[in-house]
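Please look through the following protein from its overall form down to single residues. The paragraphs below take the fold as a whole before turning to selected positions.

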Amino acid sequence: EMSLEEFREQFEKLNLPVVIRGAAKEWPALKKWSRNSLMHKFGDVDFVVGGYDMSLRDFFALSDQGKDDVPLYLFDPKFGEKAPELAEDYAVLDYFGADDLFKLLGDDRPHHRWLIVGPARSGSSFHKDPNATSAWNAVITGRKKWVMFPPNVDPPGVHPSADGADVAQPLSLVEWFSNFYQYAYDGKPSDHPLECTCEPGDILFVPSGWW
């Protein structure tokens, strides 16, 4: 029920994350994107998995067998071109679409949308999104946990280079939670992380510079 002006004043201008509960609940994707339906329509389409092309069928088979601490997950920036029907199953909310200046770059626009699919325990390492951009992330099925640190606070166990181009950190999320999560709430409250779990239909606003 949040208005566009409320979003801008309370979160965007202050560079604060926010979960917008149920914001995507009317998207066709929530009804259409089951594992079976995706396999039926796009099982033979190659998507990017771990930096390599892999059919969706093979990815699901690999995920079913995997017991790794760092499971591979699908992370494809060109899914809309490979499977245009998928791009028709969601809509950019007014909160995020009004000031999209990257549209002015035409064919030189950097990647700006991704399809992400992963089994349990999969996920990204700590990072900041490129080009000082903000982002939004919608959950269609399953649940996604987030641990976010403010731009001026390096997460415990995470050591970026002076220019931020390289980041040294534990190899897996399991290792980070086991060895470093206990220190996340040391120090002053403003340095503490924000945590949430997004359910199907929820959208998270990720402001610029947040880990």
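Buried means under 20% relative accessible area, exposed means over 50%, and partly exposed lies in between, with a 1.4 Å probe and protein chains only. This is a predicted model, in which local features need pLDDT of at least 70, side-chain atom pairs count only at pLDDT 80 or more, and totals for chains, interfaces and linings use all residues. Residues are numbered from 1 along each chain as its sequence is written, and side-chain values use heavy atoms, with hydrogens and water left out.

The protein has eight helices and 11 strands; these are DSSP runs numbered from the N terminus, helices being H or I with at least four residues and strands E with at least two. The radius of gyration is 18 Å, close to the 17 Å that the globule rule gives for 211 residues, so the protein is as compact as a globular protein of that length. That radius is taken over C-alpha atoms, and the globule rule is 2.2 Å times the number of residues to the power 0.38. Along the principal axes, the C-alpha atoms fill a box of roughly 50 × 45 × 35 Å.

Of the 211 residues, 33% count as buried. Contact here means heavy atoms within 4.5 Å. Among the contacts with a separation of 6 or more, 74% come from residues 24 or more positions apart. The protein exposes about 12,900 Å², and carbon and sulfur atoms supply 53% of that area; accessible areas come from the Shrake-Rupley method with a 1.4 Å probe, and for residues only the protein chains shown count as cover. There are 21 positive and 33 negative charges, and their mean positions are 5 Å apart. Lys and Arg count as positive and Asp and Glu as negative, while His and the chain ends are not counted. The place of a charge is NZ of Lys, CZ of Arg, CG of Asp or CD of Glu.

Begin with the N-terminal elements. Arg8 is found in helix H1 and is partly exposed, at 23% relative accessibility. Its C-alpha atom is separated by 34 Å from that of Pro119, 111 residues away along the chain. Asn15 follows in the loop between helix H1 (4-12) and strand S1 (18-20). Although not a glycine, Asn15 has a positive phi of about 55°. Most residues other than glycine have a negative phi. At 25% relative accessibility, Asn15 counts as partly exposed.

Strand S1 contains Ile20, which is buried with a relative accessible area of 9%. Which residues does Ile20 contact, leaving aside neighbours within four places in sequence? They are Met2, Tyr95, Phe96, Gly201, Asp202 and Ile203. One of these partners, Gly201, is 181 residues from Ile20 along the chain, yet their C-alpha atoms are separated by 8.9 Å.

Next comes strand S5, the place of Val117. Val117 counts as partly exposed, at 22% relative accessibility. Not counting residues up to four places away in sequence, Val117 touches Phe59, Phe60, Tyr73 and Leu74. Thr141 is 24 residues from Val117 in sequence and 9.5 Å from it in space, C-alpha to C-alpha. Past this strand, Arg121 lies in the loop between strand S5 (115-117) and strand S6 (135-138). Arg121 has a positive phi of about 80° although it is not a glycine, and it is partly exposed, with a relative accessible area of 42%.

Further along the chain, Asp191 lies in the loop between helix H8 (173-179) and strand S10 (194-198). Leaving aside its neighbours within four places in sequence, Asp191 is in contact with Phe149, Pro150, Asn152, Val153 and Ala184. Gln65 is 126 residues from Asp191 in sequence, and the two are 39 Å apart in space, C-alpha to C-alpha.

The cysteines come last. How many disulfides does the structure hold? The structure holds zero disulfides, a disulfide being a pair of cysteine sulfur atoms within 2.5 Å. For Cys196, which is in no disulfide, the nearest cysteine sulfur is that of Cys198, 4.3 Å away. Cys198 is likewise in no disulfide, and its nearest cysteine sulfur is that of Cys196. Are these cysteines buried or exposed? Cys196 is buried, with a relative accessible area of 16%, and Cys198 is buried, with a relative accessible area of 0%.
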